[in-house]
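Here is a briefing on one protein chain, set out by topic. Keep the sequence and the model side by side while reading.

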Amino acid sequence: MQEYDFKAIESRWQAHWDAQKTFSVSEDTDRPKYYLLEMFPYPSGRIHMGHVRNYTIGDALARFKRMQGFNVLHPIGWDAFGMPAENAAIKNNSHPWTWTQANIDSMRDQLKRLGLSYDWDRETATCTPEYYRWNQWCFLKFHERGLVYRKKSVVNWCEPCQTVLANEQVVDGNCWRCDNPVIDREQDGWFFKITDYADRLLEGCKELSGSWPEQVLTMQSNWIGKSYGAEVTFKVQEREESIAVLTTRPDTLYGATFMVLAPEHPLTTTLSRGTEQESAIDEFIARMKRMEKRERTAEGGEKDGVFTGAYAINPLTGSAVPVWTANFVLMDYGTGAIMSVPAHDQRDFEFARKYELPIRVVITPQDGSLDAEALESAFVSDGAMVQSGEFDGLAGQEARKAVCDHLDQRGIGKATVNFRLRDWGVSRQRYWGTPVPMVLCDACGVVPVPEEQLPVVLPTDVDLGDGGQSPLHTLESFYKIDCPKCGKPARRETDTLDTFICSSWYFDRYTSPHDEQHAFNPKAIDYWMPVDQYIGGIEHAILHLLYSRFFHQIFRDMGLVHTPEPFDHLLTQGMVIKDGSKMSKSKGNVIDPDGIIEKFGADTARLFILFAAPPVKDLEWSDQGVEGCYRFLKRVWRIFQDLAGSTDGAGTLPEASADLPPLLKDLRRMTHVTIQRVTHDTAVRMQFNTAISAIMELVNHLYNFREGWGKIEPGPADRAVVKEALENLVLLLAPFAPHIAEDMWSALGYAETTDRADWPECIEALLQADEITIIVQVNGKVRQKLTVPQGIAEDDLKSLAQEDEKILPWIEGKTVRKVIVVPGKLINIVV
């Protein structure tokens, strides 16, 4: 018997797949297509167990679909631009291009060691001119459609690093890299008008219900944040300024007893000038800059604020209300200002109680009244308007419409539809990204780069400045250019594009990655899209998935794609947990996949990842679990070696199992039960853990079968049943542990690889057992197990149970009160 030499087996079949280009595909209209895609990785240098889980889930499904007869596109590439690569290169005294290419080479080798069935001919890296020229093409086409504009906005600026920082990169008001103070700076930037598609993106969420996780759709819907209400103007007392607010509850306007501005709102500083609150406001604004937005707005978090020293006039009551600034109001939501109605908004209520601000009840339940002094929490439901002048007694939508009409007639407000979503700022003042294809000309203004001049190539023969500064704005060979429109000296835009642009359409490029004339070939895109199954982490639920859907809608309007959405089905896999925490270097609980592969093999690593938990659940790492999967594969190898010789001389499988000995009849039934379970759990439930569990039960059955097999003289039909069991075991195992499956399949005499084999089909007639095991309980406790004919009459079963010699001692001399039968499972005698 040969030992299970996983190293030899895995290297042999990986070399074979690579040499034969086993998984390379092209369009084939005679076969149904299946586009399987996992979110492509950032080339950090090493894959981790999160990668292994994501890609193994996808690979198991890709292999399964191939065996079902689908023409499967399963591509891979690299999300290679962005700040992480730039920072890592700086830290390691390398160039981002050199660093990224070396990491891609390393990670490619790791992925191949896992035996993933990728079409490597379609491999793409977003940092190559062949790819990012089409980023630039998208930018120009969007600009032609009025979906791109340039405007000034306030950003976090680090002067020593000469760069814009994300909020997450500002630590206690200082730059995370150089620890120097971060300042607000207004500068020009490029934006995509995603808000033009807000309604369509929201409606699309409804269409995706049932195909995408509801959690993801809810997160996207909340991010888009459509709401109906009113825009109302409050004039600042004794000043020229006014404050616009958006509210979804115009029926509570009479209860607005104070206003709150975001710390970043321009009026927050302006209104405090010359008042006693000036220094308190400045200190508060500085403190807010050091806080994460998530922390500021966290549910249940402390409400913190400062009075600006100014008052505004409630347009309906005429009363002067104080204007405050507070941590929970954000500039990028609504107008950056709110009217506060503490009686009917819980957040405002908590703030008012803390700072002893007035509370005025203007909505009451239909069946009662409210006392502002006695309120323990805000009343936020619909109800009848009170203390609201001519609107008293109105309720719900009728009340809101009446107030909106009144505001419109008086010119102090209007009904509005509002979105939380804001236009997408795509400018980055970094080096490692796609250059913006625009030219700045003193005479002509902003001029697009002509398409025939694409790509605008990012120079890679330059060094980054001190502290990682982008060299583009000081590199004359890059920024000096003649205006494409007037021919006069001009300046190339030196911003680069947000790397989310790269990932917003890469799945389209995969359909024709080498097409030099199109971003994606029309015939290829029509054949392959949409992606049938997309797999990735829940952390990408909003930005990446929303931006991808946005791009797809634009492409659809351009006539380039013809499907409603880019991804038909979405699976968000759970995290890999060790010692109760997500694996991370900082926690010292990272498991290196290479170490597992070296010690146990890729098939073991794959099997454990798929068996330890359902795909959507978090997976708790277990060294014992890995070892258990390794032992199982060795058991598979041994039983296959033991029984493979028994298939010599196999004849034709009998049409029915009636003439087979019970041992063979039972093996055949178990084989087809396993086919049914694995097929259903993989295709319908996508629960690979239970599919593998079913295969394990078949292997256990084969070991039990072996004991009886040695006691009979098998004929050709008997040998055919054993061959059927082994063949199906191999094919069922192939999506999960492909290397060992290929080796066993070859040993059975097949020249083609398992992905060319047909997925096993279950014969329904063979699923029924001739005999079944019934549990016998007395007063709920198991006392016996009976083997009885399938379909036994209930009265006969009751008689057998009560007459059984092991049951009689438990019921003799006692009164049988009732006998409960659960068909096919158990009988409970109550005495």
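The notes below cover aromatic pairs, sheets, one exposed tyrosine and some backbone features. The model is predicted. Its aromatic pairs come to 52. Two open sheets of four strands are described, one with parallel pairing and one with mixed pairing.

**Aromatic pairs**

- The count is 52 aromatic pairs. In one of them, the ring centres of Phe142 and Phe192 are 5.4 Å apart and the planes stand at 65°, so this pair is edge-to-face; the cut-off for that class is over 60 degrees.
- Phe142 belongs to helix α5 (residues 129-144) and Phe192 to strand β9 (residues 183-192). The two are 50 residues apart, and the pair links distant parts of the chain.
- Phe142 and Phe192 are both buried.
- Trp324 and Phe351 also make an edge-to-face pair, with 5.5 Å between centres and 85° between planes.
- Trp324 sits in strand β14 (residues 320-326) and Phe351 in helix α11 (residues 346-355), so their pair ties together parts 27 residues apart in sequence.
- Trp324 has a relative accessible area of 10% and is buried. Phe351 is buried too, at 0%.

**Arginines over tryptophan rings**

- Arg63 lies over the face of Trp17, 4.6 Å from the ring centre.
- Arg133 lies over the face of Trp134, and here the distance to the ring centre is 4.4 Å.

**The parallel sheet**

- The strand order is β2-β1-β26-β27, in an open sheet with parallel pairing.
- β2 (71-73) and β27 (567-573) are the edge strands; each has a single partner, so one side of each lacks a neighbour in the sheet.
- On average, neighbouring strands of this sheet are turned by 20° against each other, direction ignored.
- Three bridges pair strand β1 (residues 33-38) with strand β26 (residues 531-537) in the parallel sense. Glu38 stands opposite Ile535 in β26.
- Helix α2 (residues 49-67) packs on this sheet and touches β1, β2, β26 and β27. The direction of α2 makes about 175° with that of β1.

**The mixed sheet**

- Another open sheet has four strands in the order β32-β31-β34-β33, with mixed pairing.
- Its edge strands are β32 (781-789) and β33 (818-822), each pairing on one side only.
- From one strand to the next, the twist averages 20°.
- Strand β31 (residues 771-778) runs antiparallel to β32, and eight bridges join them. Ile772 has Val788 in β32 as its bridge partner.

**Strand β12 and its partners**

- In a regular strand, side chains alternate between the two faces of the sheet.
- In strand β12 (residues 258-261), Phe258 and Val260 point one way, Met259 and Leu261 the other. All of these residues are buried.
- β12 runs antiparallel to strand β15 (residues 337-340), joined by four bridges. Leu261 stands opposite Ala337 in β15.
- β12 also pairs with β14, in the parallel sense, over three bridges. In β14, Thr325 is the bridge partner of Leu261.

**Tyr228**

- Tyr228 lies in strand β10 (residues 227-236). Is Tyr228 buried or exposed? At 56% relative accessibility, Tyr228 is exposed.
- Beyond its neighbours within four places in sequence, Tyr228 contacts Thr247, Thr248, Thr416 and Val417.
- The side chains of Tyr228 and Lys226 make a polar contact at 3.3 Å.
- Tyr228 and Val446 are 218 residues apart in sequence, with 37 Å between their C-alpha atoms.

**Backbone features**

- The Leu454 to Pro455 peptide bond is cis, with omega near 0°. Pro455 is in the loop between β22 (445-448) and α13 (476-479).
- The Met529 to Pro530 bond is also cis, with omega near 5°. Pro530 is in the loop between α16 (522-528) and β26.
- Lys21 is not a glycine, yet its phi is positive, at about 50°. Lys21 sits in the loop between α1 (6-20) and β1. Its relative accessible area is 46%, and it is partly exposed.
- Asn93 likewise has a positive phi, near 55°. Its loop runs between α3 (83-91) and α4 (96-113). At 74% relative accessibility, Asn93 is exposed.

Technical notes:
Residues numbered from 1 in each chain as written. Predicted model: local features only at pLDDT ≥ 70, side-chain atom pairs only at ≥ 80, totals over all residues. Heavy atoms only, no water. Phe/Tyr/Trp six-rings, centres within 6.5 Å; stacked < 30°, edge-to-face > 60°. Buried < 20%, exposed > 50% of the residue type's maximum accessible area, 1.4 Å probe, protein only. Lys NZ or Arg CZ within 6 Å of the ring centre and 35° of its normal. Pairing = 2+ DSSP bridges. Axes fitted to C-alpha atoms, helices over the stretch in contact; angles between N-to-C directions. Contact = heavy atoms within 4.5 Å. Polar contact = N/O pair within 3.5 Å; in protein donor to acceptor, adjacent residues only side chain to side chain.
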